[in-house]
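Open the model in your viewer and keep the selection tool at hand. Each stop below says what to select and what to look for there.

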Amino acid sequence: MTQPVVQIRDLRFARGTRMIFDGIDLDIMPGTVTAIMGPSGTGKTTLLKLIGGQLQPLSGSVRVLGEDVPSLSRPALYRLRKRMGMLFQSGALLTDINVFENVAYPVREHTKLSGSLIRNLVLMKLEAVGLRGAAGLMPNELSGGMSRRVALARAIALDPTMVLYDEPFAGQDPISMGVLVKLISELNRALGMTSVVVSHDVREASSIADYVYLLSDGKVMDHGKPDALWGARSDWTQQFLNGHPDGPVAFHYPAPPFRDDLLGGAPRA
Amino acid sequence: MTGLLQRLGHAALGYFRRLGRGNLFLLQTLASLPGMLLRPVLVIRQMWSVGVLTIVIIVVSGLFVGMVMGLQGYNTLVDFGAEESLGVLVALSLVRELGPVVAALLFAGRAGSALTAEIGLMKATEQLSGMEMMAVDPVQRVIAPRFLAAFLSMPLLAAIFSAVGVFGGYLVGVGLLGVDDGAFWSQMQDKVDFYDDVMNGVIKSIVFGFVVGWIALYEGYDTVPTAEGVSQATTRTVVHSALVVLGLDFVLTALMFGG
């Protein structure tokens, strides 16, 4: 049987006293695009950081490419990270070097390839994201969508087994969003990678995902193939996927009765 | 009362936690330094932005400080008919104290604050996280070259400050106030000892370079990744560096010249 690329079991994680994950299980199968969706603040990015070993869980296991991430030594973790790429929401491009050097950066750091080979490799990656012509631009000369495409070229520079995408569609215009949707889907197929897409853009993420996990309140609320989820009976799933303003996720933040607040009591801080 | 104690305890715990993190950060940085031998280009690039770009403020300040020393020193010495010792007074004040201390304070204001802001912004824009996810250790790649550059630049800048300061004192004392040229230099040559005075000043500036570099980089690395967090970290760098430099100056002076 095929082993999952990422296998998470009974994962618990807290920030201060606030529980972010309270025992979640999750499997990401090789060659698939898995979307992890949920309302803002549910810890989707935190989950990517736990998969990438940037955070330590309270308990539970996070196995990535067969390795137990929380127990890895620093050198072993870095070896594992060379097999993953990550696309940050902000792009996280190095601002003091140009687009070409940004994409070449991981290649220069981890290989001893000659200058001409690196040049060809970088141009190929930039061509794949449609930005070969922008190789000489500085990061501050790029639009938000272009930054993410450069970051995507950088994330795939070392031909990783898996790429983690943190909110790749957030704040993008429809054209940039369409480009990113197409790129994630096509690169995944062409390069035979596994992709994990964290997003709250339901339609875009569902359109390319083979499997979807819905997270909220520290739990996996629902999971399955996108078509199955759209037909799910769960009120919460329906509210989230269809964007209803009220439902199991209440419109109002918990508060004492409105009448009591208006008619009496000391002003609250 | 309980609330006050609770807040005090909380603040103390936070302080010691930060101090602990700062020490671990320093150890990690020091452990990364040997790797810099293989990549001297990274250090040289940083010496440009940390050291070379600080030279202008060091030269201008050194010149004015030396000139003021010349004026003040002359006015005091002339009462005792000892104005020919002006060279000694200016040189000793500069190489022992003012050179290392004022240069370190200027260095903290110019290069230290820039380092904190740069590292803080790299953290706020996820560049450091991005490096980590590319399996590149940011301490080795970003912090260590900057630390080494600060450490190496500081003594050189202090030396430039002192040299220009002595020249400033010479301009005022000899050029303006008529102190004998030969006496100015020969007394200085006679009374300023290379090991006891110059080297002790150099040791001070090496220590200051170490602590200012450490404070500036740690403040940037540990900043809260927001605009406000970076601004507070930059302020803390300048304030903490100034206090630590002045405090350490007293300790080092007591150790080297006290007995």
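**Stop 1: confidence**

Color chain A by pLDDT. This is a predicted model, and chain A averages a pLDDT of 86, with 97% of the residues scoring at least 70. Where in chain A is confidence lowest, and where is it highest? The low end is helix H9 (residues 235-242), at a mean of 77. The high end is H3(A), at 93.

**Stop 2: the interface**

Show chain A and chain B together. Select the contact: 21 residues come from chain A and 17 residues from chain B. The two chains bury about 1,700 Å² between them. Carbon and sulfur atoms account for 53% of that area.

Next, look at the polar side of the interface. Between chain A and chain B there are 11 residue pairs in polar contact, both residues at pLDDT 80 or more. Which elements of chain A each supply at least two residues to the side that touches chain B? Select helix H2 (74-81), strand E6 (84-87) and helix H3 (99-110). H3(A) gives the most to this side, with four residues. Color the chain A side by class: 10 residues are nonpolar, six are polar and five are charged.

**Stop 3: a bridge between the chains**

Three salt bridges cross the interface of chain A and chain B. One to select is A:Arg74 with B:Asp137, whose side chains meet at 3.2 Å, N to O. A:Arg74 is in helix H2 of chain A, and B:Asp137 is in the loop between H5 and H6 of chain B. Are these partners buried or partly exposed? A:Arg74 is partly exposed, at 40% relative accessibility. B:Asp137 counts as buried, at 14%, because the cut-off for buried is under 20%.

**Stop 4: under helix H2 of chain A**

Stay on H2(A) and select its buried residues: A:Ala76, A:Leu77, A:Tyr78, A:Leu80 and A:Arg81. For the spacing along the helix, recall that an α-helix has 3.6 residues a turn, so residues three or four places apart point the same way. What covers the buried residues of H2(A)? From chain A, the cover includes strand E4 (59-64), strand E5 (67-68) and E6. From chain B, it includes helix H5 (127-133) and helix H6 (138-176).

**Stop 5: salt bridges within the chains**

Now widen the search. The whole structure has 20 salt bridges over all chains.

Start in chain A with A:Arg12 and A:Asp10. Their closest N and O atoms are 3.2 Å apart. A:Arg12 is partly exposed, at 28% relative accessibility. A:Asp10 is also partly exposed, with a relative accessible area of 37%.

Move to chain B and select B:Arg18 and B:Glu219. Their side chains form a salt bridge at 2.7 Å, N to O. This pair links distant parts of the chain, 201 residues apart. B:Arg18 is in helix H1 (residues 2-32) of chain B, while B:Glu219 is in helix H8 (residues 194-221) of chain B. B:Arg18 is partly exposed, with a relative accessible area of 22%. B:Glu219 is buried, at 3% relative accessibility. Extend the selection to B:Arg21, B:Asp222 and B:Arg236. Salt bridges that share partners join these three with B:Arg18 and B:Glu219 into one network.

**Stop 6: positive phi in two loops**

Return to chain A and check the backbone torsions. A:Asp159 has phi near 50 degrees, a positive value in a residue other than glycine. Find A:Asp159 in the loop between helix H5 (144-155) and strand E7 (162-166) of chain A.

Then select A:Glu167, in the loop between E7 and helix H6 (174-191) of chain A. Phi here is near 45 degrees, again positive in a residue other than glycine. A:Glu167 is buried, with a relative accessible area of 6%.

**Stop 7: helix H9 of chain A**

Finish at A:Leu241, in helix H9 of chain A. Recall that confidence in chain A is lowest in this helix. A:Leu241 is buried, with a relative accessible area of 6%. Which residues does A:Leu241 touch, not counting those up to four places away in sequence? Select A:Val202, A:Leu214, A:Leu229 and A:Trp230. Last, draw a distance from A:Leu241 to A:Gly38. The two are 203 residues apart along the chain, yet their C-alpha atoms are separated by 9.3 Å.

Methods
Residues numbered from 1 in each chain as written. Chains lettered and ligands numbered in written order. Heavy atoms only, no water. Contact = heavy atoms within 4.5 Å. Buried area = accessible area lost by both parts, 1.4 Å probe. Salt bridge = Lys/Arg side-chain N within 4 Å of Asp/Glu carboxyl O. Polar contact = N/O pair within 3.5 Å; in protein donor to acceptor, adjacent residues only side chain to side chain. Nonpolar A, V, L, I, M, F, W, Y, C, P; charged D, E, K, R; others polar. pLDDT = per-residue confidence, 0-100. Buried < 20%, exposed > 50% of the residue type's maximum accessible area, 1.4 Å probe, protein only.
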